[in-house]
Amino acid sequence: QVQLVESGGGLVQAGGSLRLSCAASGGTFGGYAMGWYRQAPGKERELVAGISSGGNTYYEDSVKGRFTISRDNAKNTVYLQMDSLKPEDTAVYSCARGRGAALYIGFNYWGQGTQVTVSS
């Protein structure tokens with residue numbers, strides 16, 4: 001059974017940084033794409049960043065240049081470095097494991113999420 005456990009969320013002032021981590025277990029990690037989703041109150045969940053098994057990346061327009069996704073296959077962990085945070089980045093952030101190696105295939109496992117709150 002695939003399990004994804006996020007950590008690193010918290011409260012930060014606008015302009016600050018946070019680094020989220022997601023530890024995966026229960027399945028092969030290196031052969032799958034990974035991603036980070038977020039959901040703010042009253043809004044739909046959205047994919048903010050993704051990384052394929054080969055290292056190709058995707059970023060949602062509003063986070064380009066501020067967020068960086070990376071993965072450490074030896075540690076079965078994916079990271080999301082978030083810089084220049086804005087109040088509109090406030091949301092529950094969840095990591096996800098892909099259906100396969102490529103990003104376009106989509107995701108089928110999600111973690112419970114970690115709260116990120118950015119104060120103005």
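## Loops, a disulfide and a strand pair

At 40% relative accessibility, S84 counts as partly exposed. That label follows because the value lies between the 20% limit for buried and the 50% limit for exposed. The structure is a predicted model.

**Two residues with positive phi**

S84 belongs to the loop between β8 and β9 (91-98). Its phi is positive, near 50 degrees, and S84 is a residue other than glycine.

N76 also has a positive phi, of about 55 degrees, although N76 is not a glycine. Look for N76 in the loop between β7 (67-72) and β8 (77-82). N76 is partly exposed, with a relative accessible area of 27%.

**A buried loop residue**

Is S52 buried or exposed? S52 counts as buried, because its relative accessibility is 6% and the limit for buried is under 20%. S52 sits in the loop between β5 (46-51) and β6 (57-59). Which residues does S52 touch, leaving aside neighbours within four places in sequence? The contacts are A33, R71, A101, A102 and L103.

The three loop residues can be set out together.

| Residue | Loop | Relative accessibility | Class |
|---|---|---|---|
| S52 | β5 to β6 | 6% | buried |
| N76 | β7 to β8 | 27% | partly exposed |
| S84 | β8 to β9 | 40% | partly exposed |

**The disulfide**

How many disulfides does the structure hold? There is one. C22 and C95 form it, with their sulfur atoms 1.9 Å apart. The pair links distant parts of the chain. C22 lies in strand β3 and C95 in strand β9, 73 residues apart. Both cysteines, C22 and C95, are buried.

**Strand β1 and its partner**

Strand β3, which carries C22, spans residues 18-25. Five bridges join β3 to β1, and the two strands run antiparallel. Within this pairing, V5 stands opposite A23 in β3.

Strand β1 covers residues 3-7, and its side chains alternate. Which of them point to the buried face? L4 and E6 point to one face and are buried. Q3, V5 and S7 point to the other face and are not buried. V5, the residue opposite A23, is thus on the face whose side chains are not buried.

Terms used:
Residues numbered from 1 in each chain as written. Predicted model: local features only at pLDDT ≥ 70, side-chain atom pairs only at ≥ 80, totals over all residues. Heavy atoms only, no water. Buried < 20%, exposed > 50% of the residue type's maximum accessible area, 1.4 Å probe, protein only. Helix = DSSP H or I, 4+ residues; strand = E, 2+ residues; numbered from the N terminus. Pairing = 2+ DSSP bridges. Disulfide = S-S within 2.5 Å. Contact = heavy atoms within 4.5 Å.
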